[in-house]
Amino acid sequence: MKRSLDRRQGLIIVSIIWILGILVDRFWFSLDHTIPAWDQADYLNGGIIYSQAFQNPRWFDGDWWRGLWLMSPKIPPLTYLLTIPFFNLFGISVDAGMWVMAIYSALLLFSVYGLGIILFNGTVALWAVLICQFLPGLYYYRLEYLLDFPLAAIVTFSYFCLTWWRFSGQGWLKAIAVGIACGLGMLVKQTALFFLFLPILWVLGENLRRKRWGNLAQLMLSFLTAAWLMFPWYRTNWLLMLTAGKRATVDSAILEGDPPLTSPDAWTFYAQVLPYFLSWVLLLVPVVGLLISLRHRKTEDKVNRPVWIWLGVFLLGGYLLSSLNINKDARYILPLLPTLSLILSVGLLSWRGRFAPSIRWGTITIAAILTSLNLFPLGGDIITNVFSPKLQHHPYLKTGWQHEEVVKEILADSPYLRSTLGVLPSTPELNQHTFSFYGGKHNSQVAGRQVGVREEDIEKDVNSLDW
């Protein structure tokens, strides 16, 4: 009974941590007047398009469903679909769209807690949840309407379900949960496979080697469940997705100057990024704790060896397959952070002696201060540049952008037409996706289009468009 009560208390604490994180995020958004940049506006436009499609759904019409999946031919639609209720409830705005991150935040934190319970204990689980709220990589991208934080959440959830199935007794319902989680992961972003491939391969090989045919049958059910969820969108868009893959990876990598796979930089790129995503405080103090306690943990390490191997399979597999992707971006490694928080938690709890509690709470207090300084314009740049550099994310406090006024002017002149607005140049604040987003607030009657890609075509572009 006490064990059950402790778990219930743990879930309450995780809920409180989640709610406090939401309050901080909403306060940040109340101060922020920024204009969504290229990718953020493009993804928000996807949410608008799906929201409009569900104004008059035809649930039993196959053509309607096919048209629905064609609305996002390159990006899986789960995040767009989850954004619809918030657009319907609060109206179309950046702040309304960002409510979807609260769902993913809950999924991430409760998955980390579940992983901690299964692999370690309740104390490690709760400290890992707390650490997640202070990891710069997570709170930075939780404030952006991008797919990276959702991907981190759904990958962690999938890894939790697979861990639950593997360590807490296999079962058909657990196998279905694994399939649902993995299928949803592939409906957030295709790169979910980078992080889940090796753990899935590991459990397959493990059960094949031991000839556990019942477990293999359950895994097959998981695969069928995932395929059933993924099939409608992937069947509709597989050709365009493949043809667009080269432009999104190889062409982008060349354009951005990413290191070739034959270069050591390609394989150390994310290792150089991780300290900034974790902050030096939340990296060094736990690592020192682990090193100091190594000789005192030999017996315990033997008992926990399967746990550490399992964690290594996930982390190493995700790192190597992400590095194998020629198109590099720091945020692509984000799904590793929630699982890394478990190791950081173990390291923090490895400190022993009279000062151990002070070290633990002192580390978390410093991390909380750094989070505040990174998120809000409170000064302290000297401190953050040393202990948590490169991930400062202050709200944009100024006003004066005229995007909505431009859209309203076009609508006043052409109230019954769909108008195309040529946009030159293309900058984070002034680009075709951003104007399409503000046009989307008015039933998508105004859409932006990038012009002037080639200098010799600028005059032709100007003459071919009214705006």
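**A walk through the predicted model**

Arg 66 is found in helix 3, which covers residues 62-69, and this residue is a convenient place to begin in what is a predicted model. With a relative accessible area of 48%, Arg 66 counts as partly exposed, because that class lies between 20% and 50%. Its C-alpha atom is separated by 6.9 Å from the C-alpha atom of Thr 236, although the two residues are 170 residues apart along the chain.

From Arg 66 the reader can turn to the aromatic residues. Phe 54, Trp 59, Trp 64, Trp 65 and Trp 69 together form one aromatic cluster. Over the structure, the count of aromatic pairs comes to 23. One of these pairs is made by Trp 64 and Trp 65, whose ring centres are 5.0 Å apart and whose planes stand at 80°, so the pair is edge-to-face. The angle decides the name here, because planes over 60 degrees apart count as edge-to-face, provided that the ring centres lie within 6.5 Å. The two partners can also be described by their accessibility: Trp 64, at 9% relative accessibility, counts as buried, whereas Trp 65, with a relative accessible area of 26%, is partly exposed. The boundary that matters for this pair is 20%, since buried means a relative accessible area under that value.

The next topic is the space enclosed within the model. The structure holds three cavities of 30 Å³ or more, and in the largest of them lies about 100 Å³ of space. This largest cavity is lined by 13 residues, of which Ile 22, Asp 25, Met 98, Met 101 and Ala 102 are the closest to its centre. Helix 1 (2-31) and helix 6 (100-119) each supply at least two residues of that lining, and the largest share, six residues, comes from helix 1. Sorted by class, the lining of the largest cavity has seven nonpolar, three polar and three charged residues.

The second largest cavity contains about 40 Å³ of space, and its lining is made up of Ser 105, Leu 108, Leu 109, Cys 132, Gln 133, Leu 138, Arg 142 and Phe 149. Helix 6 appears again here, since both helix 6 and helix 7 (122-133) supply at least two residues of the lining of this second cavity. It is helix 6 that gives the most, with three residues. By class, the lining of the second largest cavity has five nonpolar, two polar and one charged residues.

Farther along the chain, the description moves from helices to strands. Strand 1 (residues 419-423) and strand 2 (residues 446-450) run parallel and are joined by five bridges. Within this pairing, Ser 419 stands opposite Val 446 in strand 2, while Gly 422 stands opposite Arg 449 in strand 2. Strand 1 can also be read by its two faces: Ser 419, Leu 421 and Val 423 belong to the covered face, and Thr 420 and Gly 422 to the uncovered one. Ser 419 is thus on the covered face of strand 1, and Gly 422 is on the uncovered face. A helix completes the arrangement, for strand 1, helix 21 (residues 432-440) and strand 2 make a right-handed β-α-β unit.

Note on methods. Residues numbered from 1 in each chain as written. Predicted model: local features only at pLDDT ≥ 70, side-chain atom pairs only at ≥ 80, totals over all residues. Heavy atoms only, no water. Pairing = 2+ DSSP bridges. Helix = DSSP H or I, 4+ residues; strand = E, 2+ residues; numbered from the N terminus. Right-handed = clockwise from strand over helix to strand, strands pointing away. 1 Å grid on protein atoms, 1.4 Å probe; cavity = no way out; pocket = protein on both sides within 12 Å on 5 of 7 lines; lining within 4 Å. Points joined across faces, edges and corners; volume = space filled by probe spheres on them. Nonpolar A, V, L, I, M, F, W, Y, C, P; charged D, E, K, R; others polar. Phe/Tyr/Trp six-rings, centres within 6.5 Å; stacked < 30°, edge-to-face > 60°. Buried < 20%, exposed > 50% of the residue type's maximum accessible area, 1.4 Å probe, protein only.
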